[in-house]
Amino acid sequence: MSDPSDLLTPLRPDDPAARPDSSPGQGQWKGISRRYIPVRLINEVIGGVFMLAATGWPVVLKLLGPFSGASWWWLLPWPALVLVITLVNIILTPRRVRAHCYREDPDEFLVRKGLLVRRLVVVPYGRMQYVDVNSGPLLRAFGLAEITLHTASPQTDTKVPGVTAEEANRLREHLTERGEDRLIEL
Amino acid sequence: MSAQDRTSLDAERADLQGPGPEDRTAPPEVEDEGSWHRMHPLSPLARGWIAMVVVIGAWMNTVVNGLVGDFTGDDGEPDPSSDPPAILDFFLGLPEWVFYGSMAAIGAIIAALGALYVWWFTRYQVTETHVRLRTGLVFRQERQTRLDRVQALDIHRPLVPRILGLAELRFEVADAGETSVTLRYLKHDHARRLRKELLGAIGPGGKGGARAGAKGAVASGTPSPGTDQEAGSTAEENEEELLLSLPLRRVVLARLLTVSFIVLTVLAVAAVVLSFVFPEVILPMLLGFIPTVLALGGTLLKALEISWSFKMYRTPEGLRLRYGLINKTSQTVPTGRIQALAVYRPLLWRKAGWSLVHVNVAGYGGEAGGDSAGNRSVLLPVATDGDLNVLFREGLRIPHSDDLTGLVLEGLMGEGDDASRFVSSPERVKWVAPIVRRRYGYAVTDRMLLARGGRAYRQCCVIPHNKLQSIGVSRGPVARRLDLADVSLHSIVGAVRPTIYRMDFADAQAFVARQLERGRSAPVVEALTESPASPSDGPASPAGDLPALPWDRPRAEHPARTEQSLPGPAEASHRPAPAYGAPGVPPGLRRPGASS
């Protein structure tokens with residue numbers, strides 16, 4: 001895997017995470033792994049197939065006979081909608097993955113994500129309660145893991161999916177260490 | 001109080017005095033440690049009274065029916081078309097009421113045995129560091145909670161246990177939406193004594209064993225229906241100092257001035273009028289009203305439940321709330337555990353100047369107006385401005401709370417920027433929120449962060465700097481177009497979710513940067529000096545030169561962190577954290593039974 005910085009969508013000035021050029025000593029934005037793109041695509045396809053099955057069975061029944069009386073106008077729009085949504089998701093997936101990035105500053109952990117609605121979450125290390133590292137079978141097959149930093153607030157959404165396993169371990173150690181240094185009681 | 005009950009109480013007390021014979025059930029790895037206790041013997045009755053009423057009712061029903069049937073000669077022969085096994089013939093030959101009656105009796109006995117089983121195998125243990133609850137024999141479950149992680153200790157008394165003189169004790173910890181350990185049920189006095197002991201260990205009152213002195217005995221409290229006042233309970237009430245008591249008139253009036261009550265009234269009037277005009281539709285119409293009336297009535301009843309005879313006390317451990325119409329609850333919010341506050345002022349209360357206060361306390365969880373957890377997030381159901389002041393002074397431990405109260409009132413009633421300490425949204429927000437635009441805004445004092453909003457249902461959230469967990473900034477397409485951003489201030493799980501809506505983006509960036517800076521230094525600022533709120537976050541500099549963001553500073557030192565060993569007296573709950581798993585043994589904790 002090459003230099004992660006080339007994965008990044010350049011931060012546009014209107015991004016919540018936009019900033020002047022970073023000075024030395026500050027963290028760099030790191031994108032999540034490019035290998036996460038196929039994982040996400042597979043997920044989208046699986047989800048799309050399920051939704052298609054859930055909405056498309058009347059069409060099959062019409063073709064086979066039992067629903068032959070029903071109008072196409074009632075049957076077709078739903079699977080068509082699912083198809084369109086899935087297609088849009090698939091097309092946007094690479095950009096979404098590239099927009100998802102994180103950064104370790106001396107005092108805070110930052111995560112930004114989102115294309116249409118852009119979000120930035122800033123977590124002071126002292127607020128960290130624990131760090132979660134998950135990897136499902138699909139993620140493992142691609143050598144990836146998902147890391148989440150939990151505070152006492154459920155609104156703190158710092159899920160970073162699709163970092164490499166080594167990076168996840170490094171992050172976990174690093175975050176835990178910094179969190180313990182600065183732990184603030186509730 | 002029956003003699004039998006008295007002896008059982010004595011037995012329980014003897015049990016509390018020290019390691020009893022049950023000690024053998026304690027696992028060997030637990031070294032120190034008090035004995036295991038059972039709940040009060042009446043608790044199965046208190047828990048299962050509904051089932052018992054149903055069973056007894058059914059039994060009575062069949063018996064009475066059967067007797068009546070016997071007298072009228074209709075003795076309910078079993079249906080001849082069914083072909084029961086021969087063994088059952090004898091039973092089926094009996095009159096129906098005997099058959100069903102005995103079935104019900106057997107059911108009742110089984111239920112009673114089950115309840116006894118549950119009671120027998122439910123034990124709890126309170127040690128110096130933990131409270132443990134062990135249930136079941138076949139499916140054994142043991143829950144334990146570290147006492148220094150307990151965020152609140154509540155006593156709850158539903159109707160039937162209250163009649164029996166019992167109470168349940170709830171241990172709330174952070175990180176769990178639900179109550180982590182519930183002791184259900186204990187003798188009311190025992191529960192209160194236990195709570196006092198434990199709060200002494202948990203709260204700042206227990207630091208160094210300092211009990212903060214017995215306050216002037218305003219024992220004005222709550223005559224408990226549990227009748228037997230013991231030394232422990234009166235001593236406890238001596239330490240309570242009444243801060244607030246909501247007059248009944250205000251409580252009732254406030255309920256009358258709510259949307260649900262007005263809808264209810266309108267419906268009632270409509271029903272009466274319609275029944276005069278169209279007498280024939282009365283029945284279906286009434287049927288149609290039933291769900292609405294039930295829902296609204298339920299809402300009203302719940303609101304009454306939390307505001308009825310509402311009293312707030314100061315105790316050495318923190319704020320204590322007592323309230324309840326049917327189910328009496330006594331809630332203790334330890335000092336320094338209030339994570340965020342929201343003050344609401346509905347349209348109809350504006351003239352009277354009343355507000356409703358919700359609070360985030362770790363462990364309560366839940367959403368506003370949800371289940372019982374939502375109820376418990378109410379800190380003040382109907383407050384005047386003076387009550388708010390008392391609450392801020394006592395609950396947040398702010399010496400000069402008038403400033404904060406003034407600022408909150410400004411947050412509730414103020415609009416726009418003019419001569420206000422609130423920074424409000426820029427004018428271009430009118431394109432997305434024309435009505436509420438002038439209500440959006442935030443203010444910063446040296447200890448608190450305030451966010452206001454709402455036009456008809458006005459609100460103002462207050463969150464201390466040192467309770468802020470993290471900050472989120474989000475911008476949708478419209479916000480990007482208008483150069484705006486929403487900043488959400490993440491508090492712990494709870495009913496209060498402060499958000500500053502639709503700020504100028506540059507302003508938001510500056511705000512986030514400064515807020516992070518403040519978060520670092522907050523524990524030191526927490527010293528007991530509160531200067532008048534200063535608009536330290538003035539309207540941001542012109543968008544041309546962006547203020548330095550947190551990530552552009554040179555690496556900061558952490559004087560705040562290293563000097564944390566000097567917490568002010570009010571901040572004693574911020575004792576240096578026993579990080580991840582170090583067993584912090586709270587000082588001053590005695591065995592529960594060793595009191596009095």
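pLDDT is the predictor's confidence in each residue, on a scale from 0 to 100. I start my notes there, since this is a predicted model.

**Entry 1: confidence in chain A**

I looked up the average first: chain A comes to a pLDDT of 83, and 85% of the residues score at least 70. Then I went looking for the weak spots. Residues 1-9 of chain A have a pLDDT below 50, yet the model gives this stretch 20 contacts beyond near neighbours in sequence. Residues 20-25 of chain A also fall below 50, and there I found eight contacts beyond near neighbours in sequence. I pencilled a small caution mark beside both stretches.

**Entry 2: a sheet in chain A**

Next I traced a sheet. In chain A, three strands make an open sheet, ordered β5-β6-β7, with antiparallel pairing. Which strands sit at the edges? I noted β5 (130-134) and β7 (160-164) of chain A, each of which pairs on one side only. Neighbouring strands in this sheet are turned against each other by 35° on average, direction ignored.

I then asked what packs on the sheet. My note reads helix α5 of chain A, residues 165-182, which touches β5, β6 and β7 of chain A. The direction of α5 makes about 115° with that of β7(A).

Back to the pairing itself. How many bridges join β5(A) to β6 of chain A? I wrote down five, with β6 covering residues 144-150 and the two strands running antiparallel. For one residue pair I followed A:V133 across to β6(A), where its bridge partner is A:I147.

**Entry 3: chain B overall**

On to chain B. I listed its secondary structure as 17 helices and 21 strands. Of its 596 residues, 51% count as buried. For the accessible surface of chain B I noted about 26500 Å², with 65% of that belonging to carbon and sulfur atoms. I also checked how far along the chain the contacts reach: among those in chain B with a separation of 6 or more, 61% are between residues 24 or more positions apart.

**Entry 4: a proline in chain B**

Last, I picked B:P41. Where is B:P41 found? I placed it in the loop between β1 (37-38) and α2 (43-47) of chain B. Buried, exposed or in between? B:P41 has 39% relative accessibility, and partly exposed runs between 20% and 50%, so B:P41 counts as partly exposed. I also looked at B:W119, which is 78 residues away from B:P41 along the chain. The C-alpha atoms of B:P41 and B:W119 are separated by 7.5 Å.

Key
Residues numbered from 1 in each chain as written. Chains lettered and ligands numbered in written order. Predicted model: local features only at pLDDT ≥ 70, side-chain atom pairs only at ≥ 80, totals over all residues. Heavy atoms only, no water. Pairing = 2+ DSSP bridges. Helix = DSSP H or I, 4+ residues; strand = E, 2+ residues; numbered from the N terminus. Axes fitted to C-alpha atoms, helices over the stretch in contact; angles between N-to-C directions. Contact = heavy atoms within 4.5 Å. Buried < 20%, exposed > 50% of the residue type's maximum accessible area, 1.4 Å probe, protein only. Areas by Shrake-Rupley, 256 points an atom, 1.4 Å probe, with all protein chains shown as cover.
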